Amino acid sequence: MTSAPEPRDAWSIRNASLPGREGRWRVTVEAGCISEISPEGEGGGHAGAWDAGGRLLSPAFVDPHVHVDKALTGDRVSDAVAASNLEAAIRAVRRLKSAFTEEDVATRAETSLQWGLAHGTTVARTHCEADRYVGLRAVAGVQAAARAMAGKVDVQLIAFPQEGWFETEGTMEDGAAPYIEQALQAGVRIVGGNVNRALWPSDPERQVDESFALAARYDCDIDYHLDNWDTPESFTLPYVARKTVEQGWQGRVSVSHIASLAMVSDAEAADAIDAVRRAGVNVCVLPTRIRLTRVLELMEAGVNVACGTDNLRDPFVRYGDADPLKAMLLLAQITNQLHNAGLERIWRTMTDNAARMLRLADYGLEPSCRADLVLLDATSAPDAILRQAARLAVFKRGVQVAGPLRVS
Ligand SMILES: [Zn+2]
């Protein structure tokens, strides 16, 4: 286990560009927090401030949806299995998981988090499978990786029923619910779900009811894989929004994918989007999946939309290197962003919006916010996305924890 870096005394970066703001700025950091932000040429700051030369200083990235427990296992299945179909991939992952040890999971999870850190991610929320195949070994392995990364990357774990909530004989649905409760008892603080009427034949509303009840019992947030199917039939989103309000869980529920929202009628979609906004349900989109949901309509309605990097070279997704800038470029291209304002909005999906989804109270570029920062070789957020800018320095609570440029 590596120890957390020591906090430094007060220091400043001057002459920096900030996302969404005109001009050049001086940012001062003290005791792990931002103490002052002032226009260049005004304010005190710290003597000997490092000159950013107009480069972009942003709040560090928040990756709200990753799968570090099964990351980097793609090479463990044959190409034929990986390429065949979803059912074959699910069965392959079950075989792999049965052989996972806690140490194996911890090693791959830590590598994945290190990759993210090198790309500027200092907070990540990961799904973590718990079921009859892997038991709680994935939970324990990711918890060990999170301890090893303390002081560099904060990790939130979701207890994720990849294999389905109920056990339904003669189908692939394989009864993970008891393991999800065990994961909560083992310290996981977020209830996951794999709610998909098309994939699992049992009752999705009942799964939602049961997982909301668990969240109430353990005082946990909720984060679902929801409606991840390209048919209008797999559409449990309106029920989740209703349930969120009934339980008073506004702001505490997040849903990823909701692909079927793109397949229902425009009128039905508008009603659902309004319900999601009123319920304060966060939406996470994953552009690794080519057919997305109604991303722009959700954003324009005022829904909190975040973006994640998702799977990392496992049997489900061959690609990935945990780089938020790649995910944001893909999202910008798929949603056809033609102007800087659209690219600024995409930037917020892996900074401010993702932080709101993860309920990080002290995140942002304001005095008293945590000094989780990334310095990029770009002049603005749109420029950083378009040129996939190098991450020059990454700071966790004011301490440089990654990046080739020593800022002092
Ligand atoms: Zn996922």
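**View 1. Cys 369, a buried cysteine without a bonding partner.** With a relative accessible area of 9%, Cys 369 is buried in this predicted model. The closest cysteine sulfur belongs to Cys 33, and at 8.3 Å from the sulfur of Cys 369 it is too far for a bond. A disulfide needs two cysteine sulfur atoms within 2.5 Å. Search the whole structure and you find 0 disulfides.

**View 2. Cys 220, another cysteine on its own.** Is Cys 220 buried or exposed? Its relative accessibility is 1%, so Cys 220 counts as buried. From the sulfur of Cys 220, the closest cysteine sulfur is the one in Cys 128, and that is 14 Å away, too far for a bond.

**View 3. Arg 132 and Glu 167, a salt bridge between two loops.** Here the side chains of Arg 132 and Glu 167 meet in a salt bridge, at 3.4 Å from N to O. This pair ties together distant parts of the chain, 35 residues apart. Arg 132 sits in the loop between strand E7 (121-129) and helix H4 (137-148), while Glu 167 sits in the loop between strand E8 (154-160) and helix H5 (177-185). How much of each partner can be reached from outside? Arg 132 counts as partly exposed, at 38% relative accessibility, and Glu 167 is exposed, with a relative accessible area of 58%.

**View 4. Helix H4, right after the Arg 132 loop.** The loop that holds Arg 132 lies between strand E7 and this helix. How far apart are the end C-alpha atoms of H4? They are 16 Å apart, and that agrees with the 16 Å that 12 residues should span at 1.5 Å a residue. Plenty of alanines turn up on the buried list of H4, among them Ala 138, Ala 140, Ala 145, Ala 146 and Ala 148. Val 139, Gly 141 and Val 142 are on that list too. What do the buried residues of H4 pack against? Their partners are helix H3 (102-118), E7, E8 and H5.

**View 5. Arg 278 and Asp 274, a salt bridge along helix H8.** Arg 278 and Asp 274 form a salt bridge, and their closest N and O atoms are 3.1 Å apart. Both residues lie in helix H8 (residues 266-279), 4 residues apart, which is about one turn of the helix. An α-helix has 3.6 residues a turn, so residues three or four places apart point the same way. Arg 278 is exposed, with a relative accessible area of 54%, whereas Asp 274 is partly exposed at 29%.

**View 6. Arg 387 and Asp 383, a salt bridge along helix H13.** The closest N and O atoms of Arg 387 and Asp 383 are 3.1 Å apart, and the two form a salt bridge. They are 4 residues apart in helix H13 (residues 381-387), so about one helical turn separates them. Arg 387 counts as partly exposed, with 46% relative accessibility. Elsewhere, salt bridges that share partners join Lys 70, Arg 94, Lys 97, Glu 129, Asp 131, Arg 132, Glu 163, Glu 167 and Asp 174 into one network. The structure holds 39 salt bridges.

**View 7. Arg 348 in helix H11.** Arg 348 is found in helix H11 (residues 340-349) and counts as partly exposed, at 36% relative accessibility. Leaving aside neighbours within four places in sequence, Arg 348 is in contact with Asn 353 and Ala 354. Gly 20 is 328 residues from Arg 348 along the chain, yet their C-alpha atoms are separated by 9.6 Å.

Methods
Residues numbered from 1 in each chain as written. Predicted model: local features only at pLDDT ≥ 70, side-chain atom pairs only at ≥ 80, totals over all residues. Heavy atoms only, no water. Salt bridge = Lys/Arg side-chain N within 4 Å of Asp/Glu carboxyl O. Buried < 20%, exposed > 50% of the residue type's maximum accessible area, 1.4 Å probe, protein only. Contact = heavy atoms within 4.5 Å. Expected span 1.5 Å × (residues − 1).
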